[in-house]
Each structure stands twice: as structure tokens, then as C-alpha cells.
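Visitor: I would like to learn how to read the features of a model such as this one, going from charged pairs to the core, the surface, the backbone and the aromatic rings. Could you show me the general idea each time, and then the case at hand?

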Amino acid sequence: MSEQTMPSLETYASFLDANPDIEVLEAFVIDVNGVPRGKWLPRDRALDVLANGIAMPRSVFALDIWGRDVDAAGLAQGTGDPDGICYPVPGTISRVPWLARPTAQVLLQMHVDKNPFYADPRHVLATVLERFAKEKITPVVATELEFYLVDPVRSALDPVRPPRTRDGRWHAGQTQVLSISELQEFETVFHGIASAAQAQGVPTDTTLRENGPGQYEINLCHVADALAAADHAVLLKRIVKGVARANGLDATFMAKPYGTQAGSGMHVHFSLVDERGENIFADENGPAKALFHSVGGLIRNMGESMAVFAPHQNSYRRMRRSEHAPTYASWGIDNRSAAVRIITSSKASTRIEHRVAGADSNPYLVLAMILAAAHSGMKEKTDPGGAISGDDHAVNHEPLPRTWDQALQSFQSSSFAYATLGPAYRGLYAACKQQELAEFALRVTDVEYDAYIRTV
């Protein structure tokens, strides 16, 4: 699924012929926050758009989380807000099973002057992958996404609550991790998710009940195409939200919807294979130097990458000392307390699990930062330092930024982010996040009113 490959007109014509009931095509890109943005097109225009592309404003990649232009990013005000041409990502045209109206969807990528546009997060990842391609190394990647099913009925005083089960019980206060009966309570939802994933070519693996009330995790299969792995993650998010809505529920990938319950992460598993298909993270004696050097790169650049791994104000509510959300740039062998977990069950499956990013992050940007850090570690033969034992961080591992402002300051001055994303995209990303941070600084919370309005 390379960035440059364009499917033939016959591919799209065959899809439409095989789906004569389709009435509308959803065509969308993924913005800086991982939010799908695009257009609905009538069937009679679909084939032309699929073959020749569709115009969208370049500024679609520089919107804040509320969908407002970020003037400081330089793509809207002062530029005339010009268009780019968006072309389909190969293999992503499919049906949207959860909608009542017969609908198809296609993921797009933007080009300007016939070249991939620098502000498209998909292109950001593709640029990082070129480093591996030059060395004939292929990342094999999979993500694990946690999320909450929530009741769609809420209010200002009750903004989020668990879904009601079939016998009328609430999940609140129950952990029930790995409970089969809890999966069965929402069998219709998970069957719908599995069916939609199959229809859209999203290779799902395990589904499990997680720690929070109404919290679940779906694992995606490993693929030897990091762009495809990121595509799968963003498409799975759409599937989960869409199927939940079709079943009278909401789903959220918010990092910490409940202050006292577990947060939701996006764990990234990856290995590297050479041109013979051999895993370079392992040799006959166990973990190879390439693995430890990769870990060294991940540890060294983790703090400067936190603005991507934890991209929102709410993200930092998840970053508390626990085995589920690492707060130190640490690593360990099969240790879920560490930020980076080395898994060595066999030579072929020896890999790294990066456990820092939240489920609210942009998969393209997360993979770009992780893979670039691993690559730099191998290139510079970076020593990862000592591994942690249990939850003991006394090995002098660096604390990760604990606030959004701190993470953004580190990111904006980061030479690693500069080299990975390029100066233009680092500036664009920082501008979008600074606009969001400024908005939060203006909002007075209900906790402040409760604490201060009558007491001080």
C-alpha cells in the first residue's frame, strides 16, 4: 500500500458494479488530530473522483480539535486557502455497513503539484519509512486500541457514564478484566465491529474486556506495511464508533474519560525484517544488538515525542504512575510497567511493544515518531541503559513530561522532531496544539467553581 501506487479505473468500476445499491461515497483525509474530514459524493460522481481525485483545502490539515482554522499554521489565512488534490489510498474503498443508507467509503491522501503534500500525516509517516526502505529493512507493525462504550444519554452534570447491560445493571465500579460474560453482554456490537472490519479489510485479532467500566480492547494483526497499519488503526476507530452508534451507544477513544478509572492507550508492537524476511531483532542467541539499539533510540527521544503520544489536555490525566500508563522513559523484558517492553517468546516474534501513546493520538504521527526513534538508535548504536525490574524506576530513567505545556515546549525545541517531521510540519503541529492549549487556558472548570466561588 505504497504512497505512490494508484489503483486503476477498472478497480473502482468493478467495485461499483459489484455494489449497485451504493448511493453515496464518503471520501475523507485524516487531519492533524486523527479526525476524518471530507465530503459525501453522489454515486454518479464517484467514479470520476476516484479516478481523478477531489479538491480539498490544504488547511484541512491545520484545524484544531474543534475544527477551527489555525492561522499560525500558515495554511489558511494569508494564503488564500488554496486546494490540494486528494487521491484514494489503495485498498481502502469499501462499504460502510453500519449506515442505513447504502454507502461506500474511501480514505484519501493529498497531493500538491503532483507531489504528496507535506502536511498530510500519511505523508509524514511515508517519509520516515523511506529511511528503512533505503536499507532494505521493513517494519512489521500492529496496534492495540483501547476504548470505552458509553451511554449516549448524558448531561453537564453527568457527561459520561457506562452503558446499561441487558439485565439493567451498570458497569460502574466493576473491573471484570478479561470477562467473557462482559463481552457477551455486547455481543451484537462486537459482531458488528468484526463484520465491518472484514468488509473494510481491517485485520482484527483479539477482542478483550479491559479494566474500566465499559472499557474494551481490540488488537490488530501485524502487517509488513506501517502505512497500512496506521490506516487500519484510523479505520478501526471509525468502525467502533459507527457500529456503537448503530446499536444505540457511543464509543470514545478519549484517553481518560473517567478520572478514577483506567485510561485508554494505543500500544504499538513492531519488529524489523531484512530483505530475506528475517527478523533482525533476534539472532541465534536471543535478542540482537539491533533491538537494544532501537530501544536506546526510543528511550532517548521519548520525552521530546510526548506531544505526539499525548496530544490533548485530557491525555495527561492518563499519565499517572501505574503499570498501564508509563511515566518514565524506561524499558524492560516482558514488563508491562515499562514504557518499552521487549517480547522474546520466539525468534520470529521477538519485538518491541511501545506502551506510551494514548488511544486519542494520531496513528500516523505516533508510528512516525516511534520508527524514526528506533532507526536513529540503530544508526547511532544507542545504549538503552539499564532495564527496570518490576515497577522500580530507580535506574535513573528520565521522567516523561507530565503536563501538556511542558510536552509542547520540549517538542517545539526538539531537534529529533525537527529531523523526523521536518521544520514545516513540526511548526504546523505545534501551532495547532498551542491554539488548543490557549483555549483550555480560557475555560473555567466546574471544579474551580465548586472549590472557589463561595469560599474565597
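Guide: Gladly, and one caution comes before the rest: this is a predicted model, and side-chain atom pairs are counted only at pLDDT 80 or more.

Visitor: Let us begin with charge, then: how many salt bridges does the count come to?

Guide: The general idea is a distance rule, under which a side-chain nitrogen of Lys or Arg must lie within 4 Å of a carboxyl oxygen of Asp or Glu. By this rule the structure has 20 salt bridges. One of them joins Arg154 to Asp250, with the closest N and O atoms 2.9 Å apart, and this pair links distant parts of the chain, since Arg154 sits in the loop between β8 (138–150) and α4 (180–185) while Asp250 belongs to strand β11 (residues 250–252), 96 residues apart. Arg154 itself is partly exposed, its relative accessible area being 43%.

Visitor: Which residue forms a salt bridge with Asp158?

Guide: The partner of Asp158 is Arg161, and the closest N and O atoms of the two are 3.3 Å apart. Asp158 has a relative accessible area of 27% and is partly exposed, and Arg161, at 25%, is partly exposed too.

Visitor: And is Glu439, in its salt bridge with Arg443, buried or exposed?

Guide: Glu439 counts as buried, because its relative accessibility is 16% and the limit for that label is under 20%. Its partner Arg443 counts as partly exposed at 48%, and the closest N and O atoms of this pair are 2.9 Å apart. The pair also belongs to a wider arrangement, in which salt bridges that share partners join Asp64, Arg68, Glu439 and Arg443 into one network.

Visitor: Turning from charge to the interior, which residues have the most contacts inside the largest nonpolar core?

Guide: They are Phe270 and Phe309, within a core of 129 residues. Helix α6 (residues 226–246) gives the most to this core, contributing 13 residues. To see the surroundings of Phe309, one can list what it touches once residues up to four places away in sequence are set aside: Met302, His354, Val356, Ala357, Gly358, Ser361, Val366, Met369 and Ile370.

Visitor: Where nonpolar side chains reach the surface instead, what should I look for?

Guide: Look for a patch, such as the one formed by Ile65, Trp66 and Phe440, which together have about 250 Å² of accessible area. Ile65 lies in the loop between β3 (54–57) and β4 (83–88) and is partly exposed, with a relative accessible area of 33%. Phe440, for its part, counts as partly exposed at 35% relative accessibility.

Visitor: On the backbone, why would a positive phi be worth pointing out?

Guide: Because most residues other than glycine have a negative phi. Lys136 departs from that, with a positive phi of about 60° although it is not a glycine; this residue lies in the loop between α3 (121–134) and β8, and it counts as exposed at 52% relative accessibility. Asp334 is a further case, with a positive phi of about 45°, and it is found in the loop between β15 (331–333) and β16 (340–343), where it is partly exposed with a relative accessible area of 49%.

Visitor: Finally, how is a pair of aromatic rings described?

Guide: Two quantities are used, the distance of the centres and the angle of the planes. A search of the whole structure finds twelve aromatic pairs. Among them, Phe117 and Tyr118 form an edge-to-face pair, 5.1 Å centre to centre with 70° between the planes; Phe117 is buried at 6%, whereas Tyr118 is partly exposed at 30%. Trp404 and Phe440 also pair edge-to-face, at 5.8 Å centre to centre and 80° between the planes, and they link distant parts of the chain, Trp404 being in helix α11 (residues 404–412) and Phe440 in helix α13 (residues 423–442), 36 residues apart. Trp404 counts as buried, with a relative accessibility of 3%.

Visitor: Which residues do ring pairs link into a cluster?

Guide: The members of that cluster are Phe147, Phe186, Phe190, Tyr216 and Phe253.

Definitions and conventions
Residues numbered from 1 in each chain as written. Heavy atoms only, no water. Helix = DSSP H or I, 4+ residues; strand = E, 2+ residues; numbered from the N terminus. Buried < 20%, exposed > 50% of the residue type's maximum accessible area, 1.4 Å probe, protein only. Core = buried A, V, L, I, M, F, W, Y, C linked by side-chain atoms within 4.5 Å. Contact = heavy atoms within 4.5 Å. Patch = residues over 30% accessible without salt bridge, like charges linked within 9 Å, V, L, I, M, F, W, Y side chains within 5 Å. Areas by Shrake-Rupley, 256 points an atom, 1.4 Å probe, with all protein chains shown as cover. Phe/Tyr/Trp six-rings, centres within 6.5 Å; stacked < 30°, edge-to-face > 60°.
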